[in-house]
Each structure stands twice: as C-alpha cells, then as structure tokens.
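Dear colleague,

Please find below the structure that I am handing over to you, together with its sequence. My account of what was found in it follows directly afterwards.

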Amino acid sequence: MTSLTIARPDDWHLHLRDGAMMRAVLPHTAQHFARAIIMPNLVPPVVRGDQARAYRDRILAALPGGMAFEPLMTLYLTEDTDPEDVAAAHASGLIKAVKLYPAGATTNSASGVANFDNVRATLDRMAEIGLPLCVHGEVTDADIDIFDREAVFIDRVLDPIRRATPGLRVVMEHITTSNAVEYARAQDDSLGATITTHHLVINRNHILAGGIKPHYYCLPVAKREEHRLALRAAATSGEVRFFLGTDSAPHTDANKLLPCGCAGCFTAPNTMAILAQVFEQDAALDRLEAFASRNGPAFYRLPVNSDTITLTKSAPNYPVQIDTEDGPVTVFDPGFDLEWSVC
Ligand code: NCD
Ligand code: ZN
C-alpha cells in the first residue's frame, strides 16, 4: 500500500503548555488532528472551570488563521476541587474529562491527590454525570521501583477507586505495561486506555543502553521489551478500548539536557508518520483508523471526524527540531527512517 486515507485523527492526551511554547507547538498538532484532550498541568494548574475557559480561549487565539482545531478541556483534580464547579463546567460543554495526577508523579503534579478520601465527592459526582476521569496511573511511594509504579497503581489505587465508584468512567492514560493491557481488557466499556506513539517504539534499553538519551525520558518511563510488544499488540488490535493519546510533551532542549532533566517526548509533528510505519510493520494498516480516529470518539461519546487525512509513502516532511521563543525543542526520533508522511 502506498497511500492510506483515514478519518481525521484526534489526540486523546496532549500537552500544549502556554504562551510562546504553545504558539510554537499548537500548529503541529492542528495540522493533523481535529481535536485533542488538553492536559491541565500548567503552572499553576487548571483547576476550576473559569481557568479552563480562559485557557481554551488562549489556545484558540494562538491557532494560526485558517486552521481548524477543537481543544477538549480538562480540569486538574485536587483535594480542594469543588464537585459543583466540575459539574457546571461539564454541563456547559466546556470540559470533557477530569485529570487525576497522584501528587508528585510527574511534571507539575505537586497539586495532585495524596489522600483519595478527599476527592470522593467529586468522583461520585463524575460517575453520576458520566464525566470521564483521566488517570496518570503511577504510585509515587519512594520504596516502589519506578519500573513497577504502574502495575502497583492498578492494584492499590485504580481498582479500589473503580470498585468504590460504580459507574465511574476511567481512561488509563499512556499505559506502558502488559499488566495495564491485561487489566484494561478484563474490564467493561466504562474503561478506556490510551497508548502513546513513543511507547510503541522504545523500550528502556533505548533510554539507557549505550549512553543516556534524555530525549527518550518520559513518564511513565518506557519498560522492558515484552511490555512494548504488549502495547503494540493492543494498539494494532483495533480493540475499541485502546486509542491514541500521544502525550506529546514539549520541553526545551535546555530543560531536557540537565542533570535533572524534564520528562516528556515531543511527538506531535511525526506521530502519524510513525504510527503508519508501526501499523504497517505489524500488518495492521487497516486498523490504524480504529486506533487514531474511531475508538477515542467512541469512548468519549463524540462523533468521528467527518473529514480525512491521507498518508502516503514519501519522504518525511516534518522537522527534527522546532524553534520556540524559549529555545529549540527536539522532535521525537523513532530511531528508524520514516517512510510515510501526511500530505
Ligand atoms: C508530561 C509533561 O511534561 O507534562 N511528561 C511526560 O513525561 N509524559 C507529564 C505527564 O503526562 O506525565
Ligand atoms: Zn501527559
């Protein structure tokens, strides 16, 4: 196959940041994606409806003329979140999900949840109104090995929350383990799971063997090869519960290449090209549309985009680095020559 046309994809987990960084990265997403679930981990975080509305307005104002893109806003869950503010933001159509960061789990998560009893009322209200909870699924206990944090989270936090909150719709975000794939497969349709582009491509050796590669460092950190293969099988299966959330998370090179560098891979510009190649390698090109364009809307109860994009076998047409007013940002390098591009 040399050309593939699919319904325009959406990104169900995206970091756009704010200000100059947002202006630089937004066109790369809007070029290929119709909509994206916008992560609320700004500094300070987007915790209330009025803040989400203002952030959405800034995103739309930063969109270059002629580009169509719909930011699907989220609120950052804290122990002080007011369930009624969440319900009002949902009722007005402003927000499509609430984001749970365990306190300290990742970039800008200091305001996240430490005591889950303190968010019970919000979770109950969300279950009532059908508003999904997007979960960063890692425990943060210092005594849990970083490579085990997702699997332990499922047992100790995720499963108990779901049992305690019947009807709560949950997205396991950026899953990185076969444990998460198996857990997701065993649940009913109140559970969805997003998979990133980079976790389909790299395992932990890519980060650590033969010299440390800060641009491959992201959270949750990439795991062993067997886990990557489980993610590949899930993504390319076409199963409705698995869908694309790139977790494209731009940081300047200056902030990546530090003694304590930031976590995040910037994949917005080349995600669709990489995915086409990954799905082709796994003889699953006919299921790319399910993963990137159909399963996400099904979970979020939104229509599939009516327009399309076409991928062709042709030389890549994305930059290896982009310039921002804050400094250069390196685009994720899949480690193989890309053969597909979006035209
Ligand atoms: C994200 C970021 O930089 O905001 N980083 C990452 O490695 N994925 C935060 C997150 O989604 O965990
Ligand atoms: Zn993220």
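**Parallel strands and their crossovers**

Strand β3 (residues 35-38) is joined to strand β4 (residues 70-76) by four bridges, and the two strands run parallel. Across this pairing, Ile-38 has Met-73 of β4 opposite it. The connection from β3 to β4 leads through helix α2 (residues 49-62), and this β-α-β crossover is right-handed. Please bear in mind throughout that the model is predicted.

On the other pairing of β3, two bridges link it to strand β2 (residues 11-14), again in parallel. Here Leu-14 has Ile-38 of β3 as its bridge partner. Ile-38 therefore appears in both descriptions, with Leu-14 as its partner in β2 and Met-73 opposite it in β4. A right-handed β-α-β unit is made by β2, helix α1 (residues 19-30) and β3. The side chains of β3 alternate: Arg-35 and Ile-37 point one way, Ala-36 and Ile-38 the other, and all are buried.

**Strand β8 and its partners**

A further set of parallel pairings centres on strand β8 (residues 191-195). Five of the five residues of β8 are buried, so the strand is largely enclosed by the rest of the structure. Both of its faces are covered, with Leu-191, Ala-193 and Ile-195 on one side and Gly-192 and Thr-194 on the other.

Strand β7 (residues 170-172) runs parallel to β8 and is joined to it by three bridges. Strand β9 (residues 242-244) likewise runs parallel to β8, with three bridges between them. Within these pairings, Ala-193 stands opposite Met-172 of β7 and has Phe-242 of β9 as its bridge partner. Together, β7, α6 and β8 make a right-handed β-α-β unit.

**Helix α6 and its packing**

Which residues does Ala-184 touch, apart from those up to four places away in sequence? They are Met-172, Leu-191, Ala-193, Arg-241 and Phe-242. Ala-184 belongs to helix α6, and because its relative accessibility is 0%, it counts as buried. Its C-alpha atom is separated by 8.5 Å from that of Phe-242, although the two residues are 58 residues apart along the chain.

Helix α6 (residues 178-185) also packs against helix α8 (residues 225-236), at an angle of about 35 degrees and with the axes 8 Å apart. From α6, the contact involves Ser-178, Asn-179, Val-181 and Arg-185, and from α8 it involves His-227, Ala-230, Leu-231, Ala-233 and Ala-234. Of the residues in this contact, five are nonpolar, three polar and one charged.

**Nonpolar cores**

The largest nonpolar core comprises 95 residues, and those with the most contacts inside it are Leu-16, Ile-95, Met-172, Met-272 and Leu-288. Helix α10 (residues 271-281) gives the most to this core, contributing seven residues. Beyond its neighbours within four places in sequence, Leu-16 is in contact with Met-21, Met-22, Val-25, Leu-26, Ile-38, Tyr-55, Ile-59 and Phe-69. A second core, separate from the largest one, has twelve residues, among them Trp-12, Leu-72, Cys-134 and Tyr-300.

**The antiparallel sheet**

Three strands form an open sheet with antiparallel pairing, in the order β1-β10-β13. Its edge strands are β1 (3-7) and β13 (340-342), each of which pairs on one side only. On average, neighbouring strands of the sheet are turned by 25 degrees against each other, direction ignored.

Strand β10 (residues 308-313) is joined to β13 by three bridges, and Lys-313 stands opposite Trp-340 of β13. Helix α11 (residues 288-300) lies across β1 and β10 and runs at about 25 degrees to β1.

**A buried asparagine in a loop**

Is Asn-270 buried or exposed? At 0% relative accessibility, Asn-270 counts as buried. This residue is placed in the loop between α9 (253-256) and α10. Leaving out residues up to four places away in sequence, Asn-270 touches Tyr-318, Val-331, Phe-332, Pro-334 and Leu-338.

With kind regards

Conventions. Residues are numbered from 1 along each chain as its sequence is written. Chains are lettered from A and ligands numbered from 1 in the order in which they are written. This is a predicted model: local features need pLDDT of at least 70, side-chain atom pairs count only at pLDDT 80 or more; totals for chains, interfaces and linings use all residues. Side-chain values use heavy atoms; hydrogens and water are left out. Axes are lines fitted to C-alpha atoms, for helices over the stretch in contact, and angles run from 0 to 180 degrees between N-to-C directions. Contact means heavy atoms within 4.5 Å. Ala, Val, Leu, Ile, Met, Phe, Trp, Tyr, Cys and Pro count as nonpolar, Asp, Glu, Lys and Arg as charged, and the others, Gly among them, as polar. Buried means under 20% relative accessible area, exposed over 50%, partly exposed in between (1.4 Å probe, protein chains only). Two strands pair if DSSP finds at least two bridges between them. A crossover is right-handed if, with the strands pointing away from the viewer, the path from the first strand over the helix to the second runs clockwise. A nonpolar core is a set of buried Ala, Val, Leu, Ile, Met, Phe, Trp, Tyr and Cys residues joined through side-chain atoms within 4.5 Å.
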